[in-house]
Each structure stands twice: as C-alpha cells, then as structure tokens.
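Biologist: I would like to go through this model with you and ask what the terms rest on. Please show it first.

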Amino acid sequence: MTTTRGALLNQKGGVAKTTTTLHLGGALAAAGRRTLLVDLDPQANLTKFMGLQPHDHVNGPTLPQAMLNHPNDRDYALSLVRKHSENLYAIPASFDMFTLPRDLHASRSNEDRLTWVLEHLDELFDHVLVDCRPGLDIDTDNVLHWAQSVLVPVELDTSSIDALKLLIAQVRTLADETRRTPPTYRGIIINRIPKGGLTLLDRQVRQAFHDLPIPVVGEVRMRDSLVRAKEKGQTIQQYDPSGDAAAMYHSMAVKAGFLEATP
Ligand SMILES: Nc1ncnc2c1ncn2[C@@H]1O[C@H](COP(=O)(O)OP(=O)(O)O)[C@@H](O)[C@H]1O
Ligand SMILES: [Mg+2]
C-alpha cells in the first residue's frame, strides 16, 4: 500500500484541525494502519493532546532543523519520530516552528523542504497527517508541496464559509505561482455541532457547506469525551472506544477514502 499524505488545513484557528488530526489518526491506528501525525504548529497543541513533550529547539533534533539543515538525511528524519501507542507515532512541535517561515524565506529552494524530510518516512507508515498552524505562509506552502490531499475542518458559522472559499483561492494561487497541480480536497469536516437542535441559521450554513464542490466527510457533534481524551493524552478510540465520537471519526476515515467500509 502506498502512503497517503494528508494535510489538515484551514487558516482559521479554533476549527478543530488539531482535534481532527488526533482522532482521525486514532481511527486509522485502531484499524491497524501505521500512522504518523506531524505537529507543525509552534503552539504544540497536537503534541500536548498526545501527552508528548515538544522537541527541544536548542539541542534538537527538530523538524525545522531537519528542513533547514538536514533535508536529505534519512537518519535525522527518523530521529524526529516518537511512539504514542500501537500504530500511532508523532513528530512533536518545537518552538523554532515560530521562526520557520522567516527562516525558510531566507533560504533557497524553500518550498520543498518538508517533502525532502518526510519522504524518507513514507516506507514506514501507511498514513501521514500534518496538523497545520492557522495562516498560510511558506511553511504551509511546504505542506501543500508534500501533501496529496487536503482535509478542511470548519465550524458551523458564516465566517467559516468565507474562510473556506478564501482558502481554496489562496491554495490555487500558491499552486499557480509554483506551477504545481493543486492538491485534491478529500473533504470538509464540520465540527462542534451543537448538542441541542440546529437553529435555522445553522441549517443554512450546513447546507452551504454541502453545496460546495468538496464532499462533507464528517459532522462531529460537541462531545465532552473529546475534551477528556486530550486531557489524558489519548485518542478517542483509546479513551472511549464504544462511544459515538469514536464511531464518528471511523466513519470520517471511511468517507475520506482512508479506510474500507466494514460490512
Ligand atoms: N467536537 C468537539 N466537542 C468538544 N470540544 C471540541 C470539539 N472539537 C474541538 N473541540 C475543542 O475546541 C478547541 C479548539 O479545537 P482545536 O482542535 O484545538 O482547533 P484548531 O486546531 O483548529 O485551532 C479545543 O479546545 C478542542 O478540545
Ligand atoms: Mg491546532
């Protein structure tokens, strides 16, 4: 099986990019797939949600150091990987991700650096997912160079529709500028659907997402279990394997084409 390279992308913050990365990764690992999650946000939320320590940017190794100084070094790439649990691995964030865009702007050949590092890991993993920070800078352009597919977590509000349209336009502009084919959008994931019923506006926004030419592959309701899982450094599949939240992420993995549907 070839490795799938997926990016969880939205320049808007707080739309559950990190939550989706963790539990979608958890669904893949629970299905027996070797899965690597890469935290590319200096806030290190994914690293913390997984109960891991951020990498030490003074002593290294860190992903930015690999991208800037050791891009073709397989052993350096391997030294970044930490094991979380069976089938689930991570490359933790580090503080130098904060200056990564500036450092990349200062170096030559700067949009394929992430690919030069992560491609060494393809042979070890069935799926690699990158959790991006909010914003679209040269580090995100590196993600778009590496990824074959993009998943866009959104929230049920009108500003999320505008943000998604802007994202699609920006990604296309970046691809045109570098003469690349734009990545495939595997799907939209609507997050934090209120526990009570949807208001009329909620239903209109939900319909607007369904009307876009990108499939909606997940609709995740508000669940306290998701908050408690991250506080314990666990995936929802570990924290509450028989709950409906674990089932939502499994179904997302199937709809996004990462897993076969089980009969
Ligand atoms: N379905 C959900 N139910 C409850 N809390 C959620 C859910 N999805 C996300 N959250 C919470 O919302 C906050 C923002 O989510 P996060 O994944 O960090 O967003 P982003 O990475 O896009 O900034 C986090 O505190 C997270 O625990
Ligand atoms: Mg995040």
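Modeller: Ile-190 stands opposite Glu-219 in β8. This is a predicted model, in which local features need pLDDT of at least 70 and side-chain atom pairs count only at pLDDT 80 or more, while totals for chains, interfaces and linings use all residues. Residues are numbered from 1 along each chain as its sequence is written.

Biologist: What makes β7 and β8 a pair?

Modeller: Two strands pair if DSSP finds at least two bridges between them. Four bridges join β7 to β8, so the pair meets that definition. The two strands run parallel.

Biologist: Why is the β-α-β crossover from β7 to β8 called right-handed?

Modeller: The chain goes from β7 through helix α9 (residues 200–210) to β8. The term right-handed applies because, with the strands pointing away from the viewer, the path from the first strand over the helix to the second runs clockwise.

Biologist: What makes the contact of Ala-16 with ligand 1 a polar contact?

Modeller: A polar contact is a pair of N or O atoms within 3.5 Å. A backbone N or O atom of Ala-16 lies 3.0 Å from an oxygen atom of ligand 1, so this pair qualifies. For Lys-17, a backbone N or O atom is 2.9 Å from an oxygen atom of the ligand. For Arg-221, the partner of the backbone N or O atom is a nitrogen atom of ligand 1, at 2.9 Å.

Biologist: Which residues come nearest to ligand 1?

Modeller: Gly-14, Thr-18, Thr-19, Arg-192 and Lys-230 do, out of 16 residues around ligand 1 (one heavy atom within 4 Å).

Notes
Chains lettered and ligands numbered in written order. Heavy atoms only, no water. Polar contact = N/O pair within 3.5 Å; in protein donor to acceptor, adjacent residues only side chain to side chain.
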